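Biologist: I should like to understand how descriptive terms are assigned to a model. Please take me through the reasoning step by step.

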Amino acid sequence: MARLPQTIHPPEKARTGKHACPTPVPGRRIGIHTSIAGAISRAPERAHQLACNTFQIFSTSPRQWKASQVSAAEARLFRQAREKHGLRPLVIHDNYLINLASPNAEIRRKSIESFRAELERAVLLGAEYLVMHPGSALNGDRTQAIARFVSGVESAARGLRLGPLTVLVENTAGGGGALGSEFEELRAFVQLTERVPLACCIDTAHLYQSGWNVSTEKGLAATLARLDAAVGLDNIPVIHTNDSRTALGSRADRHEHIGKGGIGLAGFRRILNHPRLRHKAFILETPIDKKGDDLRNLDVARSLVQGTRRAPRNPRTPSND
Ligand SMILES: [Zn+2]
Ligand SMILES: [Zn+2]
């Protein structure tokens, strides 16, 4: 009888070899922005393969106005796959072109229309959170821009049943007139938006780029105290967990691999294990410079989480960087 080729059992090899299959950390929610290439219903399986128990997706191409539709059948497959793999919460990130705060009437009209479609797809897919960038005032008045954002969110949602969906407005690095790098602006969004459930998503790289030094113990404590006073840490269910490729206060939004940027491994160990943060969903939006970077970054984040029996792995043993 012919022997089966050995190569047909790579999962077995993965289990018995020195690289153990990655597993989620019990009691913690760690995930990554996951590709929807091919079909949106493939994303949950991809996230599961990376041992995520939460994930983020775009529900359409993030850089064009014309959105792709999600059919009811596709949404059903997506929901089933997500349920099967216990991925919770589901976070959707909105299209980058949307600027509800824009002083340009045409851009704002398209933004409202686009954001309404984002809300509809998020409801169809059963998302808990829809993360959005607050947009830019360009060179105009910021108070008026905040008012345009608030009325834009409310017009987009008019008449929709959002169910369990909460909109999360994300803090920004602050470049190019972007709203949302100031915590007081985040507070204004949350307080002024009445007809749509709205809370915040905080991005660690954007904190650092907007001048909050979360790489140090003191800096993290000061940042969280100010955030708590401005919006309340309970109003921040999702943390975008990214290191920064640019300098403290640079206002330039470039993400870096966990531990390889300005925030560093010690910074992320404190962030991931902070008693006020540990129950949040941590979503990585780290770069993929070479194949496997997604899993490597997730493994770094998981290895930094205390209270587990995982042996800390050196994530980049073969690399010379
Ligand atoms: Zn982010
Ligand atoms: Zn960013």
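Biologist: Why is Arg251 called partly exposed in this predicted model?

Modeller: Arg251 has 17 C-beta neighbours inside 10 Å. A residue is buried at 20 or more and exposed at 12 or fewer, so Arg251 lies in between and counts as partly exposed. Its place is in the loop between β8 (243–244) and β9 (255–256).

Biologist: What makes the phi of Arg251 worth a remark?

Modeller: Phi of Arg251 is near 60°, a positive value in a residue other than glycine. Most residues other than glycine have a negative phi. Ala51 also has a positive phi, near 65°.

Biologist: How do you know whether Ala51 is buried, exposed or partly exposed?

Modeller: The count for Ala51 is 18 C-beta neighbours inside 10 Å. Because 20 or more are needed for a buried residue, Ala51 counts as partly exposed. Ala51 is found in the loop between α2 (43–49) and β2 (54–58).

Biologist: What makes the peptide bond from Arg88 to Pro89 notable?

Modeller: That bond is cis, with omega near -5°. Most peptide bonds are trans. Pro89 is found in the loop between α3 and β3.

Biologist: Let us turn to packed helices. Why is α5 called oblique to α6?

Modeller: Helix α5 (residues 142–157) and helix α6 (residues 183–192) pack at an angle of about 40°, with their axes 10 Å apart. Angles under 35 degrees count as roughly parallel, and 65 to 115 as roughly perpendicular; the angle here fits neither range, so α5 is oblique to α6. The contact is made by Ile146, Phe149 and Val150 of α5 and by Glu185, Ala188, Phe189 and Leu192 of α6. By class, six of these residues are nonpolar, none is polar and one is charged.

Biologist: What makes the relation of α6 to helix α8 (residues 217–230) roughly parallel?

Modeller: The axes of α6 and α8 cross at roughly 30° and come within 9 Å. Since angles under 35 degrees count as roughly parallel, α6 is therefore roughly parallel to α8. This contact is made by Phe183, Glu184, Leu186 and Arg187 of α6 and by Arg226, Leu227 and Ala230 of α8. It has four nonpolar, no polar and three charged residues.

Biologist: How do you know that the span of helix α4 (residues 105–125) is close to the expected one?

Modeller: Helix α4 has 21 residues and reaches 30 Å from its first C-alpha to its last, against the 30 Å expected at 1.5 Å a residue. Just after α4, Gly126 takes a positive phi of about 80°.

Technical notes: Residues numbered from 1 in each chain as written. Chains lettered and ligands numbered in written order. Predicted model: local features only at pLDDT ≥ 70, side-chain atom pairs only at ≥ 80, totals over all residues. Axes fitted to C-alpha atoms, helices over the stretch in contact; angles between N-to-C directions. Helix = DSSP H or I, 4+ residues; strand = E, 2+ residues; numbered from the N terminus. Parallel < 35°, antiparallel > 145°, perpendicular 65-115°, else oblique. Contact = placed C-beta atoms within 7 Å. Nonpolar A, V, L, I, M, F, W, Y, C, P; charged D, E, K, R; others polar. Expected span 1.5 Å × (residues − 1).
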